[in-house]
Amino acid sequence: MLMKRILCLSLVLFAGLGLFVPDTVYATENQNVLSSEGTQQTKLVTGIVTDSKGEPIIGASVLVKGTANGTVTDMNGEFSIQTSAGSTLVISYIGYTKKEVTIGSVSSYTITLEEDAQNLGEIVVTAMGIKKERKALGYSIQDVNSEELTRNKTPNVLNSLNGKIAGVNVTQAGGSAGAGAQVVLRGGTSLERDNQPLFVVDGIIYDNSTPLGGDSGFDGAQRTATTLGNRLMDINPEDIENMSVLKGPAAAALYGSRAAAGVIIITTKKGNTDGSTEVTFSTRLTTSWVNRLPEQQSTYKRGEYLAGGSLETDWVYKSWGGKFGSGEKMYNNIKDFFQTGASYDNTLTVSGGNQNGSFYLSVARFDQKGIVPETGFDKTTFRFNGDRHYGNLTVAANVSLSIANTDKTLTSSGLYNMNSNGAMETVYTWARSENMKHYLNEDGSKYRLFQSLDPSNDRLASDEENPYWIINKNKMTDKTTRFTGSIAPSYKITDWLNVNYRAGYDRYTTNDYTYIAAGGAVRDIYQNGRLSTNDVTYEYLTSNFMINANQKFGDFDLNLLLGHSLKIQKPFVSAEQDIILKYLTLRVLKI
């Protein structure tokens, strides 16, 4: 209280000086005001300004609306000002809601200002879903609302955090359809494990792994070979009401060691409580294209000069051969390879309810066509959030289902131990004297640059694979089906004591499919083709019981939290199947 009075006294002195100077500066202006009121009888109006507890507010501004006539309250919260009946006083103070009072026949007023909840009492969601006033926290917490998240909407909600919160570093895996992203708060904390924060959605721990279907020893799968998505992509950004970022060990202490790198808490939308039902439909079309292409030399054709000065073109893919002659065709293979991408995003929501309960229902569909031909990503999501009040008992439930599909290809590298290349490896090096689109003969068989030198395909494994063969003949897909649900009853015993329980379940299965067509430039054992499938299942159950007490004693707040938390995580379960089609063919022939 002493500090408050010292601060307010300083404001009074400052405001007094401020009012003293304008009295001379606005003398002419005030003369006009007085002349306009000259026909009305002025009187001395006095009053006191207090807060909701009845304590005087020192240094509150009292201004006659539409004029420069004003004053401030003194050490006792009192003021006096000359004005006329019918005029309006505007009373304001930092941290309180502005109030207007119309002057009538009464000459003395008691004015109570309410605290501005948005500025001083803003409620934020912290660890374990506990709600607290931002000013009462002893650690850093920043949040982003739904408007900011959907302003430049992307299929991966993590990308929407980029540049919006200090200390949050988001790295996108690439520009391909369905590409994932990684987020790190305040730099890495470990050299051995994942440095990404823990994600919590509506109080339930939400896995954000980037599962790799298969492995290098099983089917040659590598993280550098193709597009992989992080599992936070399973959430529809339109369903998110708020994302809060908790930084530091104090903020995430209740989650244990899993939250050593911080916590990102996601709160989804709830239904209306004003008795109305609202139906909304949003649609969005976005296009994408390659902004810049690498520069290419346009002087030399395929081939290379040997040490002796002779030109070699057999089994050579380099572009340092003879010079282009006049009228010779030069292909722009890189530009012709990429296409214009597009994404279509449609969301339908129904929201309604009243003081006794509310509901929120959403259905969304997202389709994306990549800039690399034959690649794409689509996602269908369903969500239901509801709550119901039965006196002091409140029961809330959330259910969500998402189905995501990715059509991808081998990009930066081929599969491990197959002696193959990725599409992008050869797109940028293909000779401009050769038409890269020519990957099939007229009869549908594979076209090879050096077929005449190897008619029996004995050296097929040494070829550089044509990118169009990779994207059109080899097939790589993944499908992820995810279900998340929770139920959270709570009972308010008294105004300061409540009991909460929350049970949650998160499960998803990712099905990976990889098919390498026969006739590819791969090791001999795989030249009749290869097929592999891989299923990864993740399952997580959580149960939280909490007793929360919050009591105020004057200027002191006492908070007590007692609880029990149980978490059961089943390890990733994989089911793998790898078929080398050469052996399958031999087995069929024996039958």
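W315 sits in the loop that runs between strand β19 (311–312) and helix α4 (333–337). I should say at once that we are looking at a predicted model. The phi angle of W315 is near 55°, which is a positive value in a residue other than glycine. As for its surroundings, W315 is partly exposed, because its relative accessible area is 23%, and the limit for calling a residue buried is under 20%.

There is a second residue of this kind. N457 is not a glycine, yet its phi is positive, at about 60°. N457 belongs to the loop between α5 (423–427) and α6 (467–473). The relative accessible area of N457 is 33%, so N457 is partly exposed.

Let me turn to the surface. Which residues make the nonpolar patch? The members are V279, F281, L348, F359, L361, V363, F382, F384, V399, L401 and F483, and the patch covers about 930 Å². Four strands each supply at least two of its residues: β17 (277–288), β21 (357–369), β22 (376–390) and β23 (393–408). Of these, β21 gives the largest share, with 3 residues.

I would take F384 as one example from the patch. F384 lies in strand β22. With a relative accessible area of 37%, F384 is partly exposed. That value matters for the patch, because patch residues must have over 30% relative accessible area.

My next topic is the second largest pocket. In general, rolling a probe the size of a water molecule over the atoms shows where empty space is left. Here, the second largest pocket holds about 990 Å³ of space. How many residues line the second largest pocket? The lining is made of 40 residues, and those nearest the centre of the pocket are A181, Q182, Q196, S209 and T210. By character, the lining comprises 18 nonpolar, 17 polar and 5 charged residues. Strands β11 (168–172), β12 (181–185), β13 (198–201) and β27 (556–580) each contribute at least two residues to this lining.

Strand β12 also contains L185. Is L185 buried or exposed? L185 is buried, because its relative accessible area is 6%, and buried means under 20%. Finally, L185 and P197 are 12 residues apart in sequence, while their C-alpha atoms are 7.0 Å apart in space.

To close, I return to the two loop residues with positive phi: W315, near 55°, and N457, at about 60°. I would invite you to locate both in the structure above, together with F384 in strand β22 and L185 in strand β12.

Methods. Residues numbered from 1 in each chain as written. Predicted model: local features only at pLDDT ≥ 70, side-chain atom pairs only at ≥ 80, totals over all residues. Heavy atoms only, no water. Patch = residues over 30% accessible without salt bridge, like charges linked within 9 Å, V, L, I, M, F, W, Y side chains within 5 Å. Areas by Shrake-Rupley, 256 points an atom, 1.4 Å probe, with all protein chains shown as cover. Salt bridge = Lys/Arg side-chain N within 4 Å of Asp/Glu carboxyl O. Buried < 20%, exposed > 50% of the residue type's maximum accessible area, 1.4 Å probe, protein only. 1 Å grid on protein atoms, 1.4 Å probe; cavity = no way out; pocket = protein on both sides within 12 Å on 5 of 7 lines; lining within 4 Å. Points joined across faces, edges and corners; volume = space filled by probe spheres on them. Nonpolar A, V, L, I, M, F, W, Y, C, P; charged D, E, K, R; others polar.
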